[in-house]
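Colleague: I am new to this structure and would like to learn how to read it. Could we take a few features in turn?

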Amino acid sequence: MVQDLMKKFHEAAVSPRAQMDKYMAEGKKIVLTAPVYTPEELIHSMGFVPMGAWGADMELNRSKEYFPAFLCSIVQSILELGIKGAYKGASAIVIPSLCDTLKTLGENWKYAVDDIKFIPMTYPQNRKPDYGIAFTKAGYERVIRDLEALGGKYDPAALAESIRVYNKHNAVMRRVDEVLAVHPEITAAERSDIFKSAYFMTKEEHTALVEEFLAELGEAGEEKIGIVVSGILTDAPQLNQIFDEFGMHIVADDVAAQSRQYRTDSPEMDDPLEALAVKFANMDNCSVLYNVKKPRVQWIVDTAKARGAKGVVVVMTKFCDPEEFDYVMIKKACEKADLPLALVEVDRQMVHFEQVRTNLETFRDMLTM
Amino acid sequence: MITLGIDIGSTTSKCVLMSGGEQIIASSLRIGGLGTEGPAEALSDLWDRADIAPSDVSRTIVTGYGRNKYEGADGEVSELTCHALGGRFIFPDLRTLIDIGGQDAKIISLSEAGRMSNFVMNDKCAAGTGRFLDVMAGILRMDIDELDECAAQSVSPASISSTCTVFAESEVISQLANGVSRPDLVAGICESVASRVSALARRAGVVPRVCMSGGVAKNGAVRKALSESLGVDIDFDPMAQYFGAIGAALYAHRQLQKLSDNK
């Protein structure tokens, strides 16, 4: 039964286009959500199906007409897919302003992909003070106006209900993260499928599937080498295959496309739009969320200790400035805490993972010899 | 117990036979690594030199870039792990190993007890590797083994980019056109490799005793430039190119001991 559920997660994770076509055949409109954080609750409440658009592993050609080569391949692959028609039929894409590269994605999208409307979501750098919350809320209001132009209807009661749906999903994803920490038999590839599939299913469907999976999960398997994985994206099948091959068990993740999405709920407030802005203010421990005290660094160390990890693997997306800035602090903190750390570089165009394999094989030896 | 270590690199293949995990019985090295006849030739050469038959070998471990494709071994181990073991075998108080091979560079930190405590690898870039020296020697129409002696005659080493092999190639051609002497160019090329690798080494942390392994270790000009850049002595052993194969043979011996302990 668990294997049947894993198959469903896998099918959704590897077939975003089929999922999109299914929803469109049901008469639903699709709004794409680019990394790293978008107000999905708002999109959901206005009658659209939010679908993650984090690009794909592929060769980049057309995106280079707009971007220099030395630029985040996640962002480049989103534009590449847009230009090549992979998202055809989507009503819009919401692109947040959370890093410099994402800002340029929005501007380039307007010219490169004219059949899918670009909706900017401009976040403040200082999101916690009242003026930051007001700024975020104003950004959401802009998103509402753009979605209304596409036929959506904003209703505070509907948003409050969508927030409940999303908070419930957050809770179940936090729970699955905790449970998988003591289930080494669930492979890194399967764990990735559980998290990745969330982007291509409605949250109602995904919550139900994860709840079913948690209920079906049996006895924990044999112990493996516990690691914490950190980075923006870790969905490359070859990468997860290497983790599995070397007996590495992801006991926690600090991955933007995975657990970072689900750490913070929207609070209960009279004004649900304000609640959504407060949620963003309360979010933390992420390279693209400005915090001069960098609590993320200690969060990684504390989580690794709490989950009994033997080491930390930083999966660095090439040319990701925010992650590269944080890496130095993470490395120092891990050294101070006597926590072994490995750094592997990945990008969306990678075909050969030999260097990653050697790196992780050596790290495995370092942890076990 | 006889164990065999095979190190299939990107440009050379090395084999080492060890007895009891303590004594090197025979070794061989052939030009040609992954995807060539190099590994077969190195093995054939090894059997010619050794006074034992292949059937006397209790366990074989393969390492290096070509380890995944080699089918004649009992197991495969990462080259970093093997270089650490091999380096420590030759230098028992080794703390930092700088391995510059044909296509990559690696820095390995060892604890006082000899455990691997940290490592850093370069990634998909020829700068700071043996390939960089190969390309430059090609432009200068020199044999790579001549670079060391030529650099020793330098008066004022030329400045060569350590960022990119392709850019550096253009630079060398421009400097040749500007009349810069060959020894100064070669010394600059060796310093360029050292500059790139010393930056990598600082990321891992440099604790004496430091030694070099890999083919580039034979180049005294690179060793000297690295030593000056890092401010530490860098030891060299004539077996430096065999550290990976030695480590593989040692690893095979450890495995046999473990199997025997578990019986």
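**Reading a predicted model**

Modeller: Start with one residue: Val135(B) is buried, with a relative accessible area of 18%. The cut-off for that word is under 20% relative accessible area, so the residue qualifies. Keep in mind that this is a predicted model.

Colleague: Where is the place of Val135(B)?

Modeller: Val135(B) sits in helix α3 of chain B.

Colleague: With which residues is Val135(B) in contact, leaving aside its neighbours within four places in sequence?

Modeller: The partners are Thr165(B) and Glu169(B). Thr165(B) is 30 residues from Val135(B) along the chain, yet their C-alpha atoms are separated by 7.9 Å.

Colleague: Thr165(B) leads to another helix. What do α5(B) and its 13 residues reach from first C-alpha to last?

Modeller: To read a helix, set its length beside the length expected from its residues. Helix α5 of chain B, residues 165–177, reaches 18 Å, close to the 18 Å expected at 1.5 Å a residue.

Colleague: Which residues of α5(B) are buried?

Modeller: They are Thr165(B), Ala168(B), Val172(B) and Gln175(B). These residues cover an arc of only 80 degrees around the axis, which puts them on the same side of α5(B). The face turned away from that buried side carries the exposed residues Val166(B), Phe167(B) and Ala177(B).

Colleague: What do the buried residues of α5(B) pack against?

Modeller: Their packing partners are α3 (130–139) and α6 (182–204) of chain B. The contact between Val135(B) and Thr165(B) belongs to this picture. Just after α5(B), Gly179(B) takes a positive phi of about 85 degrees.

Colleague: Let us try the reading on a second helix. Which residues of α1(B) are buried?

Modeller: Begin with the length again. The twelve residues of α1 (residues 38–49) of chain B should span 16 Å at 1.5 Å a residue, and the end C-alpha atoms are 16 Å apart, which agrees. The buried residues are Gly38(B), Pro39(B), Ala42(B), Leu43(B), Asp45(B) and Leu46(B). Seen down the axis, they fall within an arc of 160 degrees, so they line one face of α1(B). The buried residues of α1(B) pack against three strands of chain B: β1 (2–8), β2 (12–19) and β3 (23–31).

Colleague: Now a wider view. Into which domains is chain B divided?

Modeller: An automatic or database assignment gives domain 1 (2–84 + 242–262) and domain 2 (93–236). The C-alpha centres of the two domains of chain B lie 26 Å apart.

Colleague: How much area do domain 1 of chain B and domain 2 of chain B bury between them?

Modeller: The size of an interface is often given as the accessible area lost when the parts come together. Here the two domains of chain B bury about 920 Å², 73% of it on carbon and sulfur atoms. On the domain 1 side, Leu80(B), His83(B) and Ala84(B) lose the most area to domain 2, together 54% of what that side buries. Nine residues of domain 1 are in contact with 14 residues of domain 2, and the rule finds zero salt bridges across this interface.

Colleague: How many salt bridges are counted between chain B and chain A?

Modeller: The count is two. Arg67(B) forms a salt bridge with Glu361(A), with the closest N and O atoms 2.7 Å apart. As for contacts, 23 residues of chain B meet 18 residues of chain A. The two chains bury about 1,800 Å² between them, 47% of it on carbon and sulfur atoms.

Notes: Residues numbered from 1 in each chain as written. Chains lettered and ligands numbered in written order. Predicted model: local features only at pLDDT ≥ 70, side-chain atom pairs only at ≥ 80, totals over all residues. Heavy atoms only, no water. Helix = DSSP H or I, 4+ residues; strand = E, 2+ residues; numbered from the N terminus. Expected span 1.5 Å × (residues − 1). Buried < 20%, exposed > 50% of the residue type's maximum accessible area, 1.4 Å probe, protein only. Arc of directions from axis to C-beta. Contact = heavy atoms within 4.5 Å. Buried area = accessible area lost by both parts, 1.4 Å probe. Salt bridge = Lys/Arg side-chain N within 4 Å of Asp/Glu carboxyl O.
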